[in-house]
Amino acid sequence: MTDQQPGEVLLEARDLEMHFPIRSGAIIRRRTGSVRAVDGIDLTVHEGESFGLVGESGCGKSTTGRLVARLLEPTAGTITYAGRDITHASRKELAPIRPEIQMIFQDPYSSLNPRHTVGSIVAGPMEVNGIDPPGGRKKRVRELLETVGLNPEHYNRYPHEFSGGQRQRIGVARALSLEPKLIVADEPVSALDVSIQAQVVNLLQRLQRELGIAFVFIAHDLAVVRHFSQRIAVMYLGKIVEIADRADLYGNPRHPYTHALLSSVPEADPDSESHRERIRLTGDVPSPIDPPSGCRFRTRCWKAKDICAEQEPPLAQLAETTEGHLTACHFPESRHVVPAL
Amino acid sequence: MPEPLLSVRDLKVRFSTDDGVVKAVDGLSFDLPRGRTLGIVGESGSGKSVSSLAILGLHGPEHSEVSGEILFEGENLVGARENTLRKLRGKRISMIFQDPLTSLSPYYTIGEQIAETYRKHTGANRKQAKRRAVEMLAKVGIPRPERRVDDYPHQFSGGMRQRAMIAIALCCDPDLLIADEPTTALDVTVQAQILDLLRELRSEFDTGIILITHDMGVVAQMADEVLVMYAGRCVERGTVREVLKTPQHPYSWGLLSSIPHLTGDVDVPLVPVRGTPPSLIDLPPGCPFQPRCDFSARVPGDRCTTERPSLLPETGHASACHLSTSDKTLIFTDEIRPAAGLTGRP
């Protein structure tokens, strides 16, 4: 299969910003600063497309996911869903859109209510939205359980009776119950064992292809994202540093941070060290409360020069990259990190 | 051959629960020479953590039953007195855990936590211990160690906490280091730093390392030998090259073909291991992997469901599977490798 032709634009974010206030003071709590979790990003998700978001902890990828699902209200920027501006839409205005955007969470243990049966968990969204599918909710739940590969007879069981992988399937069934157009999946497989992880990835992939659901797939595992998403953005400290189709991002990465990430992934091949480039970042990710001036990656970058501290590099199309491959760097790399086989 | 640093023979760990006896580890044997790294791979509940905890007597001895032998330089640690074990812990055998935040005490400074272990085992005074703490923090790559030594764990980032844990584990120059998922909670770039650090320290101190992980990538980069565990037993054992390049057990095949890669064809579907791991309470009489295995039909008769396969041959690359050796090789090269997208990797 080649990467599908993108459909209509489903979701668009422009200059999206989420600054969480920090308040301090014992009696009068005053705003003394802000955590710039997401600090001006643009992204577009097409219908039926799987859009991947990678980065390390604290880079703002989960916050981005929650903004996109409008679980958070951005402090600046705009979010357009299916042509409608939903940036500051009220609860009431969002109500008709809510069923179309669903989430799948990372931890299959804490994201299911232990006191509810699987049946009522999966039927929950239908109840909340007052939806009565033909044949009744119960029938629909059974169909959903079957779709995600669970036994429909397990309708009356409780979450603790299932393994981690099965629970994640329950979470997927719940997300599917309202026939969403977009699913925001925040690290959906990282809590699972490898053998089970593959089962859930395959399930999500099947759903994406057969039901044409668009995904915003958030993960820190670069190999999983490469497998699942057609278009991928790399985030660092609240910014997108590189965005490209998967073949370009992994085959022709340009941003030094993307290089560092790719070269850090240990491959399950004892000989791979010998033919791979080795980049080791030093130090830690700077604080998003007071990010470095200019390029945010410059404090850990081996190519940084004076200009990197003075001017923030724009996310732009570079020479020798395919259309839509954008990089935010003054001195982009052009070597290969992971040689093609 | 010199005596191995650690020799485990037919280790069994059982826990009594209300539902029955859980055979968490069921007849595990391995040797670890000095300065080598043994990778133990398996999924949650395969017994990989329990077996390493048993080495230090940390598996909850009051609720469990242990049999077999754990010979550390010839001394059997199974049934050893608490006093004996306490002298070994932190001094000759150290452990690094997965989550550095929950395994460090929030009430003591990093320096105090390193110094405590050091003083306990060497009888050093406060000043010497503090000097040692600074030295160890410097060794594990913490910048400005003389200042950071007085920080509390919450002032450290995740990667720095794991470095501090390693500093505690190594402050008495242990002979054996047990690292239980040391990088699972960390980001990839930090993981790469920590793995480099472990490699450096291994060559500097000639420490034997048991590396417990579920990540085949980490194993490939770190281990000399690999042990694949399933349902409390070792199902395959060999050098890292043997196990990753020519695996012999269907479970190892499943592990390899279920991970996505950074290179190669993107559209090769992942081949997961179907089903879920069995309950360790009532294992069926046959091969514990049989219910999830796609190849048991190729074994003549019903051996897979009636007879538990043993780990054969006794030495070298071995697997516990009833398939014939020629079948295993054939299935791996003709079916598994192409399906898993491993074709480009000779």
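Me: In which sense do strand β7 and strand β8 of chain B pair, parallel or antiparallel?
Reply: In this predicted model, β7(B) covers residues 176-180 and β8(B) covers residues 208-213. Within the pair, D180(B) stands opposite I212(B) of β8(B). The two strands are joined over 5 bridges, and the sense is parallel.

Me: What is the order of the strands in the open sheet of chain B, and which are the edge strands?
Reply: The sheet has 7 strands with mixed pairing, in the order β6-β7-β8-β3-β9-β10-β11 of chain B. An edge strand pairs on one side only. That holds for β6 (93-96) and β11 (318-319) of chain B.

Me: Which helix lies across β6 and β7 of chain B, and at about what angle to β6(B) does it run?
Reply: The helix spans residues 158-170 of chain B. It is α7(B), and its angle to β6(B) is about 170°.

Me: Is strand β9 of chain B buried or exposed?
Reply: A residue counts as buried when 20 or more other C-beta atoms lie within 10 Å of its own. On one side of β9(B), E225(B), L227(B) and M229(B) meet that criterion, and on the other side V226(B), V228(B) and Y230(B) do. Because 6 of the 6 residues of β9(B) are buried, the strand is largely enclosed by the rest of the structure. Both faces of β9(B) are covered, so the answer is buried.

Me: How many bridges join strand β3 of chain B to β9(B)?
Reply: Strand β3 of chain B, residues 37-41, runs parallel to β9(B). G39(B) stands opposite V226(B) in this pair. The number of bridges is 4.

Me: Which residue in the turn between β9(B) and β10(B) has a positive phi?
Reply: β9(B) and β10(B), the latter at residues 233-239, pair in the antiparallel sense over 6 bridges. One of the bridge partners is R237(B) in β10(B), which is matched with L227(B). The two strands form a hairpin with 2 residues between them. The residue with a positive phi, about 50°, is A231(B).

Me: Why does H249(B) count as buried?
Reply: H249(B) is found in the loop between α10 (240-245) and α11 (250-257) of chain B. Leaving aside neighbours within four places in sequence, H249(B) is in contact with V228(B), V235(B), E236(B), S319(B), A320(B) and C321(B). The threshold for a buried residue is 20 or more other C-beta atoms within 10 Å. H249(B) counts as buried because its number of C-beta neighbours inside 10 Å is 28.

Me: What separates the C-alpha atoms of H249(B) and C293(B)?
Reply: Along the chain, H249(B) and C293(B) are 44 residues apart. In space, their C-alpha atoms are separated by 9.9 Å.

Me: Is R144(B) buried or exposed?
Reply: R144(B) lies in the loop between α5 (126-139) and α6 (145-148) of chain B. Its phi is positive, about 50°, although R144(B) is not a glycine. With 12 or fewer other C-beta atoms within 10 Å a residue is exposed. R144(B) has 10 such neighbours and therefore counts as exposed.

Me: Where is E179(A), and how many other C-beta atoms lie within 10 Å?
Reply: E179(A) is not a glycine, yet it has a positive phi of about 50°. Its place is the loop between α5 and β7 of chain A. E179(A) is partly exposed, because the number of other C-beta atoms within 10 Å is 13.

Me: Which elements of chain A do the buried residues of α5(A) pack against?
Reply: Helix α5(A), residues 164-176, is mostly covered, as 12 of its 13 residues are buried. Among them are G165(A), I170(A) and L176(A). The elements they pack against are β6 (101-104), α3 (118-128), α4 (137-147), β7 (182-186) and α6 of chain A.

Me: How far apart are the end C-alpha atoms of helix α5 of chain A?
Reply: At 1.5 Å a residue, the 13 residues of α5(A) should span 18 Å. The value in the model agrees with that expectation: 19 Å.

Me: Which element gives the largest share of the side of chain A that touches chain B?
Reply: Across the interface, 38 residues of chain A are in contact with 41 residues of chain B. The elements of chain A that give two or more residues are α6 (194-211), α7 (222-228), α8 (246-251) and α9 (256-264). The largest share, 7 residues, comes from α6(A).

Note on methods: Residues numbered from 1 in each chain as written. Chains lettered and ligands numbered in written order. Predicted model: local features only at pLDDT ≥ 70, side-chain atom pairs only at ≥ 80, totals over all residues. Contact = placed C-beta atoms within 7 Å. Expected span 1.5 Å × (residues − 1). Pairing = 2+ DSSP bridges. Axes fitted to C-alpha atoms, helices over the stretch in contact; angles between N-to-C directions.
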